[in-house]
Amino acid sequence: MAEAARQRDLIDTAPAFTQAEADALNARFAGVDAGTMLAELFAEGSLGKVGVVSSFGTESAVLLHLVAKADRTVPVVFVDTLKMFEETLQYRETLIETLGIVNSEVVQPDEAVLAAKDENGLRWSWDPDGCCEIRKVEPLKRAKQGLDAWISGRKAFQSVTRQNLPRFEVEDGRLKINPLGDWTKDDLEAYFEEHDLPRHPLEAQGYLSVGCAPCTSKVKPGEDPRAGRWRGWDKTECGIHSPNNPQSGGNDGDGGELPPGYEPAF
Ligand code: SF4
């Protein structure tokens, strides 16, 4: 299992993590609170190069606070699709300052790809899967190339597409960690209150899950919290996360947020 730190160098072309290692980590940290789990993993250095991917959405502050409390130097990656709400960009600045995040990174779509495939910036209106692919999936893939493990803010309760979410999964040989996988909405609310965390400016207006501006609408009473994403499309995820992994019991989804039929936690 991943308890012993592996030496990784340029000639190590094997996957950074195996499903067996993810299974062992799931067993090892069963019943352990997310903060303690992250602190132990960071302290022992068994994750290799690790980063957290955040959409700076309505629930992002909880994961970022947990990570920063354990190690403020862990890089926080934000995929800026260039279609974000201005409020989200402002909220990112607020959280970086409030939580004392030391390493923040921004990845954006490739300019040449945008010019070739979304010249007028309206691809979202007729091909949201293609738009997510060039504005979210590809930039995140680039960002993850230097990582052995990444931390996601997905939670099982967010959608029926995210049930049975394990804490540790393997995706493309990288370890994907879902510290909030088993958290409920009440757990998140209590954590916000306990630590007096700043709220996303759009939450009070009824945006319960915030992604890109063109594809996010307010959620009506009684609706799934992510119902406001890609309203009118058979789409619930952006493609940042792989389809269900039978081995890991994983599923689509982000903690922030993202194809037909499918946002940013990301
Ligand atoms: S959420 Fe909408 S605007 Fe953002 S990348 Fe996907 S389709 Fe494009």
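Colleague: Let me start with a single residue. Does D196 count as buried or exposed?

Modeller: D196 has 7 C-beta neighbours inside 10 Å, so it counts as exposed. Exposure here is judged by counting neighbours, and a residue with 12 or fewer is called exposed. Do keep in mind that this is a predicted model. You will find D196 in the segment after helix 8.

Colleague: What is the phi of D196 near?

Modeller: The general idea helps here: most residues other than glycine have a negative phi. Phi of D196, however, is near 50 degrees, a positive value in a residue that is not glycine. D172 is another such case, with a positive phi of about 55 degrees although it is not a glycine either.

Colleague: Where does D172 lie?

Modeller: D172 lies in the loop between strand 5 and strand 6. Those two strands form a hairpin with 2 residues between them. With 11 C-beta neighbours inside 10 Å, D172 counts as exposed. For contrast, try E171, whose place is in strand 5. E171 has 17 C-beta neighbours inside 10 Å and therefore counts as partly exposed. You can also look at a pair that is separated along the chain: E171 and W150 are 21 residues apart in sequence, and their C-alpha atoms are 9.9 Å apart in space.

Colleague: Now the wider view. How many helices and strands are there in the protein chain?

Modeller: The protein chain has 8 helices and 6 strands. Reading from the N terminus, the elements run α-α-β-α-β-α-β-α-α-α-β-β-β-α. Of its 266 residues, 44% count as buried.

Colleague: What order do the strands of the open sheet have?

Modeller: Sheet order tells you which strand sits beside which, and it need not follow the numbering along the chain. The 6 strands here have the order 3-2-1-4-6-5, and their pairing is mixed. At the edges are strand 3 (104-107) and strand 5 (168-171), each of which pairs on one side only. From one strand to the next, the twist averages 30 degrees.

Colleague: In which sense do strand 5 and strand 6 pair?

Modeller: Strand 5 and strand 6 (residues 174-177) are antiparallel, with 4 bridges. To see the pairing in the model, find F168, which stands opposite I177 in strand 6, and V170, which stands opposite L175. Then turn to the other neighbour: strand 4 and strand 6 pair in the parallel sense over 3 bridges, and A149 stands opposite L175 there.

Colleague: Which way do the residues of strand 6 point?

Modeller: In a regular strand the side chains alternate between the two faces of the sheet. Strand 6 can be read in just this way: R174 and K176 point one way, L175 and I177 point the other way, and all are buried.

Colleague: And what do strand 2, helix 4 and strand 3 make?

Modeller: Together they make a right-handed β-α-β unit. Strand 2 and strand 3 pair in the parallel sense over 4 bridges. One pair to look for is V76 with its bridge partner S104 in strand 3.

Colleague: Let's move to helices. Why is helix 3 largely enclosed by the rest of the structure?

Modeller: Count the buried residues along the helix. In helix 3 (residues 60-70), 9 of the 11 residues are buried, so the rest of the structure largely encloses this helix. Among the buried residues are S60, H65 and A68. The buried residues of helix 3 pack against helix 2 (34-44), strand 1, strand 2, helix 4 (86-99), strand 4 and helix 8 (185-194).

Colleague: Which strands does helix 7 lie across?

Modeller: Helix 7 (residues 128-144) lies across strand 1 (50-53), strand 2 (76-79), strand 3, strand 4 (149-151) and strand 6, and runs at about 135 degrees to strand 3. Helix 7 also gives the most to the shell around the ligand, with 5 residues.

Colleague: Which residues come nearest to the ligand?

Modeller: A good habit is to list the neighbours and then sort them by kind. Of the 13 residues around the ligand, P128, C131, C132, C212 and C215 come nearest. Sorted by kind, the shell has 8 nonpolar, 2 polar and 3 charged residues.

Key
Residues numbered from 1 in each chain as written. Predicted model: local features only at pLDDT ≥ 70, side-chain atom pairs only at ≥ 80, totals over all residues. Pairing = 2+ DSSP bridges. Axes fitted to C-alpha atoms, helices over the stretch in contact; angles between N-to-C directions. Contact = placed C-beta atoms within 7 Å. Near = placed C-beta within 6 Å. Nonpolar A, V, L, I, M, F, W, Y, C, P; charged D, E, K, R; others polar. Buried ≥ 20, exposed ≤ 12 C-beta atoms within 10 Å, placed from the backbone. Right-handed = clockwise from strand over helix to strand, strands pointing away.
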